[in-house]
Each structure stands twice: as structure tokens, then as C-alpha cells.
Amino acid sequence: MTLRPFTKTLLAAALALAALPATADTVLISAERLLDVRTGKWIENPEILVRDGKIARITRGPGEPVADARRIELDGLSLLPGLIDMHVHLDSDPSYGGYTGLQFTDRFWSMLTVKHAGETLDAGFTTVRNVGSDAWNDVGLRQAVDEGKVRGPRVVSGGYSFGATGGHCDSTYFPPSFESKNPYNADSPEEARKRVREIRKYGAQVIKVCATGGVFSRNTEPGQQQLSEAEMRAVVEEAHQWDLKVAAHAHGSSGIKAAIRAGVDTIEHASLIDDEGIALAIKHGAWLSMDIYNTDYTQAEGKKNGVLEDNLRKDREIAEVQREGFRRAHAAGAKMIYGTDAGVHRHGDNGKQFAVMVRYGMTPLEAIRSATLNSAEALGRNDVGVAEVGRWADLVAVPGDPTQDVTLLEAIPVVIQGGVLVKDAR
């Protein structure tokens, strides 16, 4: 396409305006202490200088005076970096299980993303990775959040997750007459490679595939491998070429190992991981995202919400196996990140997983690192996850010491995002 001279002039002017720096906004944040998640030590009486949403300075006690700075004073509270949930589904609502969601129009789920984003932010999760949504709902939400039209966490959008025809990422609840299917099914390495290109084209920032069967699909079992290693290798090669990370839904041991050998960056669920799979994860540096809280919710509320008994059966069968696998993987030194599968449980309850992680072997500090330092590293981002100069001023504040009592992170009273106080329930 050839641009006319007048169009070129307008485009150049627009680009020049976009390059101008935003109006400076300066904030000073003080608290009783700030957790350095790298060292695990507290910085007493910190003062954090924020300019244009990012941390410009951290001092012990007051630093040099700054004229016209807004102040956020959090006396008696402990500051931590804003939390990261690496596995959410913001257009899913666990209140509607089985076939009960069919009573609503398609755009109902788009609208719910706004509510769920606000609940997630209020829970202290200032960044999330949405690994699979319908109709590009998470891409639209990310754009609305970035434009300041909707309050919510920073969203890393996955767009459509995909896998084999008839597998967990496909539509498996309907007869042939409905012709219901995932438009991005992939049944060969060539198709898998093309799906990466298509999904990236429409806004995916991470690629999510389903390597095995699942709990909340029909006619699949969690242990079944459903993508071949060759298909997953094609996904990884193509995604990495575009500088995108790959996440694999993988419950079964063979699918977990094939995904790791294929170069997948994060293994989701890892419910039936065996010792060989743990060793492979350590050898290849794959991150494990193990959602070990949500069974508490699904077993308590699932039947009432319409979840089919076959799904609840699968959920019961893998629950404790997954938790013990988590214990073994952590003890062996595997790299762990914080992923809850929110959408299977209630949004806003993301922080309830910390206590379960501690119960199954982590220290509170290790659990906190999984949702801050580790998750930022797994995302490949150096602007979130740690309270340090140059990163976004995303912070949460709680009374007491969460490195001693991690349940304090289940009800966070103060949330700051980009230096803006977005929740204050003191």
C-alpha cells in the first residue's frame, strides 16, 4: 500500500505526538517495612519515590525532599511487590458448571471479564497471565485495562488455547449436529505451527496448548496424552521465533515429559508428574504451575454449580496425587510459579493457594517468591514482580508479617498499581 503525501504527514505527526513523554506524576510511598523478595529481608521504614508509575528510588527512611509529590502513607503496614497469578481464566465463572452456562448469550462472558478483573486486582494480583479464553475476551480486556477504561491487573493474554480435535482444548460437550469445535484445533505439526501464527496475529502474548486430557472437559481423561511431542515442538519453535512463551496444560506423566522435551516453558497443573518428569523439568529449566488450592472449592461447590459428576470424579482422583507431586517437585528443587486456575474457583480468592503451598512443603517466603520473583522471570519480564528501581510501582500492603503468616495474603487491604492507590480498605 502506498501512502499519499498528506497521509504520510498526518502519520508522522501522530507518531511524534505518541513519542512525547507523559505528564510527570510523582508519588512518595512510605510504610513500616518493605520485603525484598530477592534476599528475603525487610527494608525498615522505606520511602519509595514513584515517577510516571515506576519506582525511581527506594530509601530507608525519608529521602531527599520532592516538591509537589503526592503521598501514600501506610503506617504500620508491610509492603510487598504486587502479586502475579500465572494461570487464570477471566471470562470463566465457576458458578456455572456443566451445561448451565448455555442459558446466556456469548457476550455475557465478555462482560464478566470486567467484574473478574476488578476482583482479581482487589485481591492484590496486579499482573495475571490469562491462559485461554473464548472470542478474544482476554485480548479485549487487556486493551481496555491498558487504556485506563477498566480497572484490573496487567493482563498477559493467551487468546485461544488449542490442542487436538476431540481433546481437552476442543469443544467436547455437544453432539455432531451442533458442529461445535475449537476453531484452532491442530492435528499435525504443520497445523500447530500455523495456529501459533494465527493466534499471535490476533493478540496472544503467550501460547497455550493442551498436551493431555483434562478434568473439566467431557470424554477426556487427565492422563491421556493428546498432542505428540513433534506437534508441541513445532508450537515451541514457532512461538519462540516470535519471542512468545509457551504454556502446556499437562496432567498426565507422558504428556508432561513430552512437553518438557519439546521445550515448553511452563507446565500447567502437572497433576500426575512422576520422578522422571520432575528430573526432566529440573534439567530443562521448565517452570511448574501447580494449582493445588482449587479442589477445595470444586469439591465443596461444584455439584451445586452444575458440574457433572464425571468431572467431579476426575477432580477427586487427581487432587491429592497432584498435591503430593507438588511436595516432591519442590523438595527436588524444581522451579515453581504461582498459578491458581481462577475461573475454576472464584476470582478474588487467588490468595488462598499460598497456605496450601506452605502446607505441602514451601516456606511462606518461597510461596511469596513463586507469585513475585519467579513468575516475573517465567514471564520474561523485568518490570513487575520485584520492588526495585525501574519496575512498575505495583505493591500490596498488609498488617503483620506474611513471611511468618502467609494467610495474611488472603485478604489484602491495600493495593497500589503504577503508583496509584487502587484499593484502600484499612
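**Figure 1. Lining of the second largest pocket.** By class, four charged, five nonpolar and six polar residues line the second largest pocket of this predicted model. The space in the second largest pocket comes to about 260 Å³. It is lined by 15 residues, and those closest to the pocket centre are Arg154, Gln417, Gly418, Val420 and Val422. Where does the second largest pocket lie with respect to domain 1 and domain 2? Residues of domain 1 (26-82 + 386-424) and residues of domain 2 (85-350) both contribute to the lining, so the pocket lies between the two domains.

**Figure 2. The span 79-411.** An unreviewed UniProt entry places the feature "domain: Amidohydrolase-related" at residues 79-411. Helix makes up 37% of this span and strand 14%. The C-alpha atoms at the ends of residues 79-411 are 14 Å apart.

**Figure 3. An aromatic cluster with Tyr96 and Phe104.** There are 16 aromatic pairs in the structure. One of them is formed by Tyr96 and Phe104, whose ring centres are 4.9 Å apart. The planes of the Tyr96 and Phe104 rings stand at 70 degrees to each other, and the pair is edge-to-face. The cut-off for that class is over 60 degrees between the planes. Tyr96 and Phe104 also belong to one aromatic cluster together with Phe108 and Trp109. Are Tyr96 and Phe104 buried or exposed? Tyr96 has a relative accessibility of 30%, so Tyr96 counts as partly exposed. Phe104 is partly exposed too, because its relative accessible area is 24%.

**Figure 4. Arg107 in helix 2.** Helix 2 covers residues 107-122, and Arg107 lies in it. The relative accessible area of Arg107 is 41%, so Arg107 is partly exposed. How far apart are the C-alpha atoms of Arg107 and Asp310? They are separated by 28 Å, while along the chain Arg107 and Asp310 are 203 residues apart.

**Figure 5. Asp68, a loop residue with positive phi.** The loop between strand 4 (54-60) and strand 5 (70-81) holds Asp68. Phi of Asp68 is positive, near 65 degrees, and Asp68 is a residue other than glycine. Is Asp68 buried or exposed? Asp68 counts as exposed because its relative accessibility is 79%, and the cut-off for exposed is over 50%.

**Figure 6. Asp341, a loop residue with positive phi.** Asp341 sits in the loop that runs between strand 13 (335-337) and helix 10 (353-359). Although Asp341 is not a glycine, it has a positive phi of about 65 degrees. The relative accessible area of Asp341 is 8%, so Asp341 is buried. Buried means under 20% relative accessible area.

**Figure 7. Leu280 in helix 7.** Leu280 has its place in helix 7, which is made up of residues 275-284. Is Leu280 buried or exposed? Leu280 counts as buried, because its relative accessibility is 13%. In sequence, Leu280 and Arg261 are 19 residues apart. In space, the distance between Leu280 and Arg261 is 7.7 Å, taken from C-alpha to C-alpha.

**Figure 8. Asp405 in a loop between two strands.** Strand 14 (395-399) and strand 15 (414-417) are joined by a loop in which Asp405 is found. With a relative accessible area of 35%, Asp405 is partly exposed. What distance separates the C-alpha atoms of Asp405 and Phe354? That distance is 9.9 Å, for residues that are 51 apart along the chain.

Definitions and conventions: Residues numbered from 1 in each chain as written. Predicted model: local features only at pLDDT ≥ 70, side-chain atom pairs only at ≥ 80, totals over all residues. Heavy atoms only, no water. 1 Å grid on protein atoms, 1.4 Å probe; cavity = no way out; pocket = protein on both sides within 12 Å on 5 of 7 lines; lining within 4 Å. Points joined across faces, edges and corners; volume = space filled by probe spheres on them. Nonpolar A, V, L, I, M, F, W, Y, C, P; charged D, E, K, R; others polar. Domains from an automatic or database assignment. UniProt positions renumbered as here; feature names shortened; annotations may be inferred. Helix = DSSP H or I, 4+ residues; strand = E, 2+ residues; numbered from the N terminus. Phe/Tyr/Trp six-rings, centres within 6.5 Å; stacked < 30°, edge-to-face > 60°. Buried < 20%, exposed > 50% of the residue type's maximum accessible area, 1.4 Å probe, protein only.
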